[in-house]
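Hello,

Here is the structure I promised to pass on to you. Please open it next to this message, and then read on for what turned up in it.

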Amino acid sequence: MVLEVKKPRPLWEIIFSTHHTDIGLLYIIFSVTFLMMGGALALAIRAELFLPGQQIIPDPATFHRFFTVHGTTMLFLWAIPFAAGIGNYLIPILVRYKDMAWPKLNAVAFWMLPVGAGMVWLGFADLGWTAYPPYSIIRAPGPAAELWIFGLKILGLSSILGSINFVVTILRCKHPDLPIMKMSLFAWSILAISFMQLVAIPTFAAALIMTYTDRLGISGFFNPALGGDPIAYQHLFWFTFHPEVYIFLLPGVGMLYEMIPKFSRKPIYSYQSGVIAFMLLSTIGFASWAHHMLAVGMSFTEKTVFMVGTLAAVPASAMHVFNWIATMWGGRIKFAAPMLFGIGAILLFFASGAGGVVNTALPLDFITHDSYWVVGHFHLILMGTVSLTFTGFLYYMFPLITGRMYNEKLAKIHFVAAFTGIIVVFMTQHLLGLYGMPRRYFDYVPLEEWIMMNQIASTGAWVVGASYLLMIYNLLRSSAKGVFANMRDPFNIGEIYYDYRRREPIH
Amino acid sequence: MGHATIEWVYVGAVSALLIWVGAAAWDVERVLEHVPADAQTIKVIGQQWFWSFEHSDGTKEINELHVQKDTPYRFEITSLDVNHNFNVPDFTILMDAVPGRINTLWSQFDQEGVYLIQCREYCGYSHYNMKAQLFVEPKLETAAAETAAAPAVAPAAEEQKPTGDVTLTILEGAATQGNPDYDPKELSVKQGQTILVDNVDAMPHTVTSGEGPSDTNSGKIFDTSIINGGESAIIDTADIEPGTYNYYCSVHPYMTGTLKVE
């Protein structure tokens with residue numbers, strides 16, 4: 001049942017299946033497909049910015065559509081579905097239950113994704129992924145904006161259904177012999193983000209409906225011409241999407257807790273500290289949303305409150321980093337590709353966390369706000385930490401999914417190229433921001449420094465893009481022709497790999 | 001299981017560092033929030049896709065802002081359509097321009113020169129091209145400042161509508177993408193004739209030669225610069241070589257037309 005590709009089955013049997021591994025596989029294939037599609041848009045954006053002036057994208061409106069769909073795709077069609085896919089695959093195995101609590105609901109939640117994705121891509125809106133009013137209400141062209149709004153509603157509903165399923169599976173279907181404080185930290189991370197999604201998403205869902213009725217002209221919640229307040233939208237938006245940052249991040253943190261002890265051949269340094277840090281992050285994560293809005297004209301008191309709220313979340317992230325380093329410390333580390341991706345992700349997590357502290361320190365925010373610094377910062381966390389971890393975990397799960405091994409050498413080349421590429425692109429973008437270049441610019445003033453840094457960033461982006469094409473080649477080829485994996489211990493670590501029949505948690 | 005002491009020490013060190021960063025940031029920001037009592041007020045209005053400024057003496061400027069060195073200024077920033085962000089990177093001036101709200105911040109310029117004003121909040125088609133120039137000029141004595149300000153007001157007093165041989169009208173509603181803009185779209189004139197560009201729209205527009213904002217030869221052949229809503233400008237074709245020229249509106253680059261000089 002676990003071996004998907006080893007025993008070939010007709011395609012329709014996987015597509016209409018309600019088994020958790022089949023749905024997990026569909027989620028993974030779906031999300032990796034959209035990672036590549038969103039990545040193609042990013043490369044087009046980088047090609048456009050390689051030189052000042054109009055390059056390959058015909059006009060500014062198209063450019064705006066590119067970065068909107070790129071952002072929406074990477075967040076909602078790559079990061080969230082990939083975590084849901086791995087969750088689907090592993091959670092029933094880790095809590096030792098036969099399947100998810102509600103298999104049919106699980107299938108419904110997955111099949112809402114292609115519908116929402118289709119609407120986002122067919123509309124190709126130009127709102128920016130944040131869709132700030134009044135632009136999104138009074139100026140954004142329809143029907144693209146309407147398709148974006150309803151596409152996101154469907155994706156949000158899918159996340160809510162998935163979250164309910166995870167919460168019930170973990171809390172109600174966990175094997176009675178497995179105490180919750182012995183449960184895998186990956187299961188803890190999925191539990192944490194499921195609760196966060198249930199609390200956070202309804203706020204944005206409401207804001208989307210309000211945006212839609214405002215567009216119809218029958219309400220004026222965010223329309224100043226009708227007495228509304230555009231800043232109210234930003235509060236509703238970021239109340240969902242700052243916690244969402246942790247929703248993207250925590251599954252990655254959980255995956256690192258799965259991989260690091262195994263490849264270090266040591267138990268986790270402090271299991272309790274990991275659990276406590278999850279609880280802290282998933283609650284304090286709700287106390288910092290307005291640090292995205294420090295420049296909208298808030299009072300000094302409000303700004304101070306949200307700066308403190310933001311800084312308060314940092315020690316919990318630092319606890320995770322400490323835990324990983326302490327786990328690796330003195331271990332006999334096996335530097336297989338998944339572990340390399342994990343270590344790379346930890347290094348960049350540290351860098352992006354430090355950048356986040358700079359962003360929230362009030363006077364400094366007015367240098368970095370809405371500049372390329374911010375673009376570099378959030379890409380460092382989403383691409384450098386979240387996506388590198390996810391990629392490493394995809395390699396780690398590959399034997400479990402296919403029963404075969406990927407090509408280790410190509411995977412290592414992928415890591416080296418992706419890691420250096422990411423540093424080149426996003427560290428350069430930090431500097432570009434300090435030189436004053438704003439984000440979301442179709443064209444820029446031909447200053448020598450700006451041109452040079454944009455060219456460095458574009459080159460790095462193409463290296464990352466090429467490395468991911470290599471991954472796709474490696475995974476496709478290996479799933480058909482790779483050597484059969486030793487399913488007890490495919491990485492030769494000396495520990496039992498996932499065995500869904502009699503897996504004991506390692507502690 | 002690990003040793004809790006090491007972790008407590010580590011968490012304590014991280015927290016101490018963060019408290020220091022937060023306290024230092026708060027302390028700087030506290031000073032920045034305090035506007036000096038003698039600050040002059042400048043109203044800043046963002047619109048798709050240009051900046052307009054109004055000084056405390058009533059002088060108005062579009063896409064150019066003249067200020068004096070070492071004088072505190074208090075900016076009252078707002079927008080008339082969508083969100084913008086008033087940004088002068090060289091002086092770390094950054095504040096959202098939000099319709100229906102007036103945001104304030106203050107600054108004092110300590111170096112003379114010309115600096116870039118840009119928009120940092122995504123605002124649609126020409127977001128990247130919503131630029132203005134900041135001129136920091138030497139500080140004048142109070143008496144001299146009054147005489148210097150006087151001629152700037154004078155031209156506004158002359159209410160004289162110019163006339164031309166041919167009229168090019170900028171139609172009402174032209175600022176919205178897709179609406180009819182220039183009338184006629186293709187204008188033919190004989191060399192030496194003057195063209196009256198009559199802006200009957202409520203928004204400011206220009207007639208600027210070139211293919212668009214990324215054309216480096218923009219405005220080299222003819223350029224009316226900003227014509228406010230309801231006002232007009234003259235293009236003299238005496239110095240223009242015969243030929244066909246494309247032009248566009250530098251505020252709304254999707255407004256385009258052609259001029260044929262015979």
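Which side chain of chain A meets the side chain of Arg101(B) in a salt bridge? The partner is Asp229(A), and the nitrogen-to-oxygen distance is 2.8 Å. Before you go further, please keep in mind that this is a predicted model, and that the values below are computed from it.

**Where the two chains meet**

The pair you have just looked at belongs to the interface of chain B and chain A, where 3 salt bridges are found. Polar contacts are there too: 15 residue pairs make them across this interface. On the side of chain B that touches chain A, α1 (4–32), β7 (93–97) and β9 (113–119) of chain B each supply at least two residues. The biggest giver is α1(B), with 15 residues. If you sort the residues on this side of chain B by kind, you get 23 nonpolar, 14 polar and 10 charged.

How many residues of each chain are in contact? Chain B brings 47 residues, and these touch 60 residues of chain A. Together the chains bury about 4500 Å² between them, and carbon and sulfur atoms give 63% of that area. Three residues deserve a look here: Arg120(B), Tyr122(B) and Tyr128(B) supply 17% of the area that chain B buries against chain A, more than any other three residues.

**A salt bridge inside a helix**

Over all chains, the count of salt bridges comes to 10. One that is easy to follow by eye joins the side chains of Lys262(A) and Glu258(A), with 4.0 Å from N to O. Both residues sit in helix α8 of chain A, which covers residues 230–264. They are 4 residues apart, or about one turn of the helix.

**A nonpolar patch on chain A**

Now turn to the surface of chain A. Leu364(A), Ile367(A), Leu431(A), Leu434(A) and Tyr435(A) form a nonpolar patch there, and their accessible area adds up to about 440 Å². Two elements of chain A, α13 (362–368) and α15 (408–434), give two or more residues to the patch. Leu431(A), for example, has its place in helix α15.

**Some backbone details**

Where can you find cis peptide bonds in chain B? One joins Gln48(B) and Trp49(B), with omega at about -5°. Trp49(B) is in the loop between β1 (40–47) and β2 (50–54) of chain B. Another cis peptide bond links Asp183(B) to Pro184(B), again with an omega of about -5°. Pro184(B) belongs to the loop between β12 (182–183) and β13 (186–189) of chain B.

In chain A, have a look at Arg96(A): its phi is positive, about 55°, although this residue is not a glycine. You will find Arg96(A) in the loop that runs between α3 (60–94) and α4 (103–123) of chain A.

Enjoy exploring, and write back with any questions!

Best wishes

Definitions and conventions:
Residues are numbered from 1 along each chain as its sequence is written. Chains are lettered from A and ligands numbered from 1 in the order in which they are written. This is a predicted model: local features need pLDDT of at least 70, side-chain atom pairs count only at pLDDT 80 or more; totals for chains, interfaces and linings use all residues. Side-chain values use heavy atoms; hydrogens and water are left out. Contact means heavy atoms within 4.5 Å. Buried area is the accessible area (1.4 Å probe) that two parts lose on being put together, summed over both. A polar contact is a pair of N or O atoms within 3.5 Å; within protein, one must be able to donate a hydrogen and the other to accept it, and residues adjacent in sequence count only if both atoms are side-chain atoms. Ala, Val, Leu, Ile, Met, Phe, Trp, Tyr, Cys and Pro count as nonpolar, Asp, Glu, Lys and Arg as charged, and the others, Gly among them, as polar. Patches are made of residues with over 30% relative accessible area and no salt bridge: like charges are joined within 9 Å, nonpolar side chains (Val, Leu, Ile, Met, Phe, Trp, Tyr) within 5 Å. Accessible areas come from the Shrake-Rupley method with a 1.4 Å probe; for residues, only the protein chains shown count as cover.
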